[in-house]
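Subject: Structure handover

Hello,

Here is the structure we talked about. Please open it alongside this email; my notes follow below.

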Amino acid sequence: MTTILVKKKKRRKITGRKVSLTISGWVIGLIFLGPYVEMMITSVKSKSEILSIPTTYLPQHWTWSNYITIWKQLPLAQYLRTSIVVSLSATLLVLLLAVPAAYYVGRNKFRGRSGFLLLVLVTQMFSPTSLVIGIFREVIKFHLVNTWMALILVYAAFNMAFSIWILSSFFASIPIEIEEAAWIDGASRLQALLRVILPIALPGLITAFIFTFISAWNEFVIALTIESSPAHQPLTVGLESLIGQYQVQWQYLFAGSLIAIVPVVILFALIEKWLVSGLTAGSVK
Amino acid sequence: MVLYPAYEMIRTSFMNIDETGTSHGFTGLSNYRTLIHNPNLISVLERTVIWTITVVAVTVLISLPIAQILHAKFPGRRLVRYALIVPWAASVVMTSTSWLWILNGYYGILNRILLGLGLIQDQIQFLGSQIQSFAWLIVVAVFVSVPFTTYVILAGLTTIGEDILEASTVDGASGWQRYKNIIFPLLRPALLIGMVINLINVFNSFPIIWVMTTGGPGYSTDTTTTLAYKISFRNADMGQSAAMATINFGIILIFILFFLKVSRWREST
């Protein structure tokens, strides 16, 4: 009799917990989505509606043409091209250099491996923002002002450490026996790395790829400082020029922002299930 | 590529550089001297410390329960996790712009909601006074920092095996006891990494302040990072700004070392 009672009580407790869990979960989701929903709503309001009091919750006229107008008003295609070329090149450069480095660190137990994490932290401390003046002078010195190359090199350099860190812990977690089996089968070290190890380390590669891509895609200060010609400005800088004008044209600003945000959110959402395992590997090792 | 700008920056901090960027040789400590005589420096330094500590502390305090909730299973968890990713993936500049609009004193949606709920009678200029602006800057900084921190803690939670939790349940530990005595200590490595990365990011954070207040009115919401930028690109004094940035770097270094010492980094790794 008592056991049955206890069981019943326990089950009810769990359901109550589940309901409050679900509600709080959804509330959290809504809070973090809120500013972007407001962005979306504002982006389809007409200019007069934006400047009306009281503010409307939803647009009275859904002015989707804002998206076409901004596309014509700003060299948006140009900004978008810069963002894509720069972010993609920087990311590929990072992976090209980080994979061999991480492989070495992950496979060889050399002295000071634990100090490696600290080194990563130090390079993290050298964030581009805090070094903006040094970078600016460096870019002038190498005659890279107003080039894509400047951004590509800076973004690649500042994302290298993190990628090496994530990747090396992935490589370290792959048993050496798998690799040895490949060697016995006659594969060279490089072949074993390319055909056997990299496919297994794919979650790590994807995590490193996305992290670098997103940080390059969203970077603002360096691009603002060293790119003065619109032809070489990425989206973040190009769109902010709308704020500098006499009156902020919120509807266009947000339409443009969403064009920039949506692709990276989709990218990020695609790797969501690897995100936790990628970070786990990084934080355990 | 990373170390050279650092070297160049420190070198610049000892040089006399005019508005056009031409160098007039070394001037010793004169840039640092000018900087120290800047009447705003002390308040900016104080604000930077308050800013960094408050944002990181609040972020962690909020992220811990959120991670716990998102670790448990409930209908729609996947969607909520996606929602949490958005502020992380979206550019901080754009997120700050959205907040700037939400907080707008005349047309902002927050005023509308509060009026609609009858909580306020008149519109509030959220970014009107220094204290309020600064508080909102902190809110936005926490908003953009929580997703990453939550995910780091989530990653930490997944490393704690179900068997450990089950064993403690069998032992009869209550929910809170279990959290305090078993889960929290096991989360330490993840939490430390999350906090250190946050410390660095928040300290160096530029876009939020720049977009929402440009450090104003005056210098009243500047941190050392935005002040350094202002000095170099508004006052066109590269040398002095480099001095500020060098001091800045020293501060973050002290911050991190202090933090690692307090948290006994070595013992946990």
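Chain A first. It has 14 helices and zero strands. Read from the N terminus, every element in the run is therefore α, as the order α-α-α-α-α-α-α-α-α-α-α-α-α-α shows. Please keep in mind that this is a predicted model.

Chain A holds 285 residues, and buried ones make up 43% of them. Take the contacts in chain A with a separation of 6 or more: 76% of these join residues 24 or more positions apart.

Chain B has a mixed make-up, with 13 helices and two strands. Its length is 269 residues, of which 46% count as buried. For contacts in chain B with a separation of 6 or more, residues 24 or more positions apart account for 67%.

Domains of chain A

Chain A is divided into domain 1, residues 2-43, and domain 2, residues 74-284. The contact between them takes four residues from domain 1 and six residues from domain 2. On the domain 1 side, two residues are nonpolar, two are polar and none is charged.

Two places in chain A

Look at helix α3 (residues 65-73) and helix α13 (residues 250-270) of chain A. Their axes come within 9 Å and cross at roughly 85 degrees. That angle falls in the 65 to 115 range, so α3(A) is roughly perpendicular to α13(A). From α3(A), the residues in the contact are A:Asn66, A:Tyr67, A:Thr69, A:Ile70 and A:Gln73. They meet A:Gln251, A:Tyr252, A:Ala255 and A:Gly256 in α13(A). By class, this contact has four nonpolar, five polar and no charged residues.

Next, A:Ile178. This residue sits in helix α8 (residues 176-184) of chain A. Is A:Ile178 buried or exposed? A:Ile178 has 12 other C-beta atoms within 10 Å. The cut-off for exposed is 12 or fewer, so A:Ile178 is exposed. A:Ile197 lies 19 residues from A:Ile178 along the chain, and their C-alpha atoms are separated by 8.3 Å.

Two places in chain B

Helix α4 (residues 77-89) and helix α7 (residues 130-159) of chain B also cross. Their axes come within 8 Å, at an angle of roughly 120 degrees. An angle of that size lies outside the parallel, antiparallel and perpendicular ranges, so α4(B) and α7(B) are oblique to each other. The crossing of α4(B) past α7(B) is left-handed. On the α4(B) side, B:Leu84, B:Ile85, B:Pro87 and B:Trp88 take part. They meet B:Phe143, B:Val144, B:Pro147, B:Phe148 and B:Thr150 in α7(B). Eight residues of this contact are nonpolar, one is polar and none is charged.

Then there is helix α6 (residues 109-116) of chain B. In α6(B), B:Ile109, B:Leu110 and B:Asn111 are buried. B:Gly118 follows α6(B), and its phi is positive, near 75 degrees.

Where the chains meet

The contact between the chains involves 73 residues of chain B and 64 residues of chain A. Which helix gives the most to the side of chain B that touches chain A? That is α4(B), with 12 residues. By class, this side of chain B has 53 nonpolar, 16 polar and four charged residues. So α4(B) is worth viewing twice, as it also meets α7(B) within chain B.

Best wishes

Methods
Residues numbered from 1 in each chain as written. Chains lettered and ligands numbered in written order. Predicted model: local features only at pLDDT ≥ 70, side-chain atom pairs only at ≥ 80, totals over all residues. Helix = DSSP H or I, 4+ residues; strand = E, 2+ residues; numbered from the N terminus. Buried ≥ 20, exposed ≤ 12 C-beta atoms within 10 Å, placed from the backbone. Contact = placed C-beta atoms within 7 Å. Axes fitted to C-alpha atoms, helices over the stretch in contact; angles between N-to-C directions. Parallel < 35°, antiparallel > 145°, perpendicular 65-115°, else oblique. Left-handed = near helix turned anticlockwise from the far one by under 90°. Nonpolar A, V, L, I, M, F, W, Y, C, P; charged D, E, K, R; others polar. Domains from an automatic or database assignment.
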